[in-house]
Amino acid sequence: MNTFLSIVLIIIMIMVVVSLVRGIVAFLKSTKIDLESGEQVDATEMQLAQNRAMFARVKYQALAIVVVAIILAIAN
């Protein structure tokens, strides 16, 4: 069981890193677009993509915490 949970934890950790990188890339692109255009009206598509990626990161981090708690509960 611990092996399975460890594999699940590693997969979730990879998902956290992927969503973090996607969010940072979207942030950099939206910042570049804002600087080039000089205008800021509403949220752009890149800013919305950044928000979605960062929200996904938070969800994956919560899942990782739950898996670690389960591993610790089983260990005792």
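Colleague: Let me start with one residue: which helix does Ser19 lie in?

Modeller: Ser19 lies in helix H1. Keep in mind as we go that this is a predicted model.

Colleague: Fine. What is the overall make-up of the protein chain, in helices and strands?

Modeller: The protein chain has two helices and zero strands. Helix H1 covers 2-37 and helix H2 covers 45-75. H2 has 31 residues and spans 45 Å from its first C-alpha to its last, close to the 45 Å expected at 1.5 Å a residue.

Colleague: And which residues of H2 are buried?

Modeller: Start with the general idea. An α-helix has 3.6 residues a turn, so residues three or four places apart point the same way. Now the case here: the buried residues of H2 are Gln47, Gln50, Ala53, Ala56, Arg57, Ala64, Val67 and Ile71. Over the whole protein chain, 21% of the 76 residues count as buried.

Colleague: Back to Ser19, then. Is Ser19 buried or exposed?

Modeller: Ser19 has a relative accessible area of 5%, so Ser19 counts as buried. Leaving out residues up to four places away in sequence, Ser19 touches Ala53, Met54, Ala56, Arg57 and Tyr60.

Colleague: How much do residues 24 or more positions apart contribute to the contacts in the protein chain?

Modeller: Taking contacts with a separation of 6 or more, residues 24 or more positions apart account for 71%.

Colleague: Now the pockets. How do I read one, and how much space lies in the largest pocket?

Modeller: The general idea is simple: rolling a probe the size of a water molecule over the atoms shows where empty space is left. In this model, the largest pocket holds about 170 Å³ of space.

Colleague: Which residues line the largest pocket?

Modeller: From the lower numbers, the lining takes Met15, Val18, Ser19, Arg22, Val25 and Ala26. Met46, Ala49, Arg52, Ala53, Ala56 and Tyr60 also line the pocket. Helix H1 and helix H2 each supply at least two residues of that lining. By class, the lining has nine nonpolar, one polar and two charged residues.

Colleague: Why does Ala49 count as partly exposed?

Modeller: Ala49, which lies in helix H2, counts as partly exposed because its relative accessibility is 24%. The C-alpha atoms of Ala49 and Arg22 are separated by 8.5 Å, and the two residues are 27 residues apart along the chain.

Colleague: Last one: what share of the accessible surface belongs to carbon and sulfur atoms?

Modeller: Carbon and sulfur atoms hold 71% of the accessible surface of the protein chain, which comes to about 5600 Å².

Key: Residues are numbered from 1 along each chain as its sequence is written. This is a predicted model: local features need pLDDT of at least 70, side-chain atom pairs count only at pLDDT 80 or more; totals for chains, interfaces and linings use all residues. Side-chain values use heavy atoms; hydrogens and water are left out. On a 1 Å grid over the protein atoms alone, a cavity is a set of points where a 1.4 Å probe fits but cannot get out, and a pocket is an open set with protein on both sides within 12 Å along at least five of seven lines; lining residues have an atom within 4 Å of a point. Grid points are joined across faces, edges and corners, and a volume is the space filled by probe spheres set on the points. Helices (H or I, at least four residues) and strands (E, at least two) are DSSP runs, numbered from the N terminus. Ala, Val, Leu, Ile, Met, Phe, Trp, Tyr, Cys and Pro count as nonpolar, Asp, Glu, Lys and Arg as charged, and the others, Gly among them, as polar. Buried means under 20% relative accessible area, exposed over 50%, partly exposed in between (1.4 Å probe, protein chains only). Contact means heavy atoms within 4.5 Å. The expected span of a helix is 1.5 Å times one less than its number of residues. Accessible areas come from the Shrake-Rupley method with a 1.4 Å probe; for residues, only the protein chains shown count as cover.
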